[in-house]
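Q: Please take a close look at one helix of this chain and its surroundings, and then place that part within the chain as a whole.

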Amino acid sequence: MTTGPRVAMVAGETSGDLLAGLLLGGMRARWPDLTASGIGGPKMAAHGFQAHWPYEKLAVHGFNLEVLRRFREIWGIREQLAARLLQERPDVFIGVDAPDFNLGLEARLKAQGVKTVHFVSPSIWAWRGGRINKIHRSVDHMLCLFPFEPKLYQDKGIAATYVGHPLADTIPLEVPREAARAKLALGADVQVVAVLPGSRGGEIRHIAPTFLQTVARLSQQRPDLRFLLPIVPGMRALVEPMVAEHAPKAALTLLDGQSHEALAACDVTLIASGTATLEAALFKRPMVIAYKISALSWPIMKRMAYLPWVGLPNILLSDFVVPERLQHEANPEQLASDVLAWLDQPARAQSVQQRFLELHHTLRRDTARAASDAIAQVLESR
């Protein structure tokens, strides 16, 4: 192309904004005069992305019962965006994760001749495998983060490319532990627990109180422990009252963002299931994965699951490498016991760190370039 492509994109939460920002960086290196707009966040804006709506408008937690409360607003945004894109007709639409929002939008665009790419395969291998038929109607090309995914799509006649995980490119193979501790004013010998209760409001409401009760319990049992809790933009007002209620005496530091610094600096992390667990694995951190959703949503999701694991590190390694505590098992007593087990068993911690290093090598590709190569092929096929 003699000029940069006109790209429309949608990212629906913090992790999607991060991935989309990395992708945009690679695309802009290939096409310096690229234009990009749609729904996104600050990581995308840093690469010149124009957001018609912020990604927070799409962030929801749990299964459809939670989504229903905001269905009208989200549906309205998708209708407005679809009308806008069908009028503007971008060269390519790239949906970044958020499949419940993006696949429907992609289907409408593809039916009208707009090329569509989806970045981050929905977890059809974990649950809701029937979505493969909708994906076939919606997506011209699937960009896959994990090596086993492309064959699943190619067997169904959907073009797919393994591009690796961009976080594996950006997170160093050797963890910058000393630099992170210096930045956070932490001594070399102090034991540190990073607490990551999620990035979305609903997620934090369900999980953070239990995590903070766990912090309080750990603080009583090990008074010398230090705790780090990174907070995504806009969530401090939600988290601070929870800290005051559940862990007022703990040596807990609230960080504005800085989740990577917290993961690099910590000895173990108590973490909500999601993309952050993969980040923790790439930082070679022992972890305790926990997740809680509403009592109404839980039975639905449990029935639809295909795999015995929910945490990405365990899924990718096909083993319970780190403990997972879900719903009623995610209680302060159990979580505190799991955290202490990592701190008290250094040989076990070292073993899992080696497995995470091997995983890091597997996922490390020049993702931005591989993805932009695939997108270039889609553009050439117009």
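The part I have in mind is helix 4, residues 71–88. Which of its residues are buried, what covers them, and what follows the helix?

A: The model is a predicted one, and every value below is computed from it.

Helix 4 runs over residues 71–88, 18 residues in all. At 1.5 Å a residue it should span 26 Å, and its end C-alpha atoms lie 25 Å apart, so the length agrees with the expectation. The buried residues of helix 4 are I74, G76, I77, L81, A82 and L85. In an α-helix there are 3.6 residues a turn, so residues three or four places apart point the same way. The cover over the buried residues of helix 4 includes four strands and a helix: strand 1 (6–11), strand 2 (35–40), strand 3 (50–54), strand 4 (92–96) and helix 5 (99–111).

After helix 4 comes R89, with a positive phi near 50 degrees. Most residues other than glycine have a negative phi. Further along, the loop between strand 4 and helix 5 holds D97 and A98. D97, which is not a glycine, has a positive phi near 55 degrees, and the phi of A98, also not a glycine, is positive at about 40 degrees. D97 counts as buried because its relative accessible area is 18%, under the 20% cut-off. Strand 4 and helix 5, the two elements that this loop joins, are both among the cover of helix 4.

Strand 4 also appears in the surroundings of helix 18, where the buried residues pack against helix 1 (14–30), strand 4, strand 5 (116–119), strand 6 (141–144), strand 7 (160–162) and helix 8 (166–170). Helix 18 covers residues 367–380, and its 14 residues reach 20 Å from the first C-alpha to the last, close to the 20 Å expected. Its buried residues are T367, A368, A371, S372, A374, I375, A376, V378 and L379.

Strand 6, one of the elements packed against helix 18, contains M142. M142 is buried, with a relative accessible area of 0%. Beyond its neighbours within four places in sequence, M142 is in contact with H118, V120, S121, P122, I135, Y153, A159, A160 and T161. By contrast, W31 is 111 residues from M142 in sequence, and the two C-alpha atoms are 21 Å apart.

Helix 13 (residues 275–282) offers another case of a covered helix: six of its eight residues are buried. They are T277, L278, E279, A280, A281 and L282. Helix 13 is followed by K284, whose phi is positive, near 60 degrees.

For the chain as a whole, the secondary structure comes to 18 helices and 13 strands. A compact globule of 382 residues would have a radius of gyration near 21 Å, and the chain has 21 Å, so the two agree. Along the principal axes, the C-alpha atoms fill a box of roughly 60 × 40 × 35 Å. Buried residues make up 53% of the 382. Of the contacts with a separation of 6 or more, 68% are between residues 24 or more positions apart. The chain exposes about 16500 Å², of which carbon and sulfur atoms supply 52%. There are 42 positive and 37 negative charges, and their mean positions are 5 Å apart.

Definitions and conventions:
Residues are numbered from 1 along each chain as its sequence is written. This is a predicted model: local features need pLDDT of at least 70, side-chain atom pairs count only at pLDDT 80 or more; totals for chains, interfaces and linings use all residues. Side-chain values use heavy atoms; hydrogens and water are left out. The expected span of a helix is 1.5 Å times one less than its number of residues. Buried means under 20% relative accessible area, exposed over 50%, partly exposed in between (1.4 Å probe, protein chains only). Contact means heavy atoms within 4.5 Å. The radius of gyration is taken over C-alpha atoms; the globule rule is 2.2 Å times the number of residues to the power 0.38. Accessible areas come from the Shrake-Rupley method with a 1.4 Å probe; for residues, only the protein chains shown count as cover. Lys and Arg count as positive and Asp and Glu as negative; His and the chain ends are not counted. The place of a charge is taken as NZ of Lys, CZ of Arg, CG of Asp or CD of Glu.
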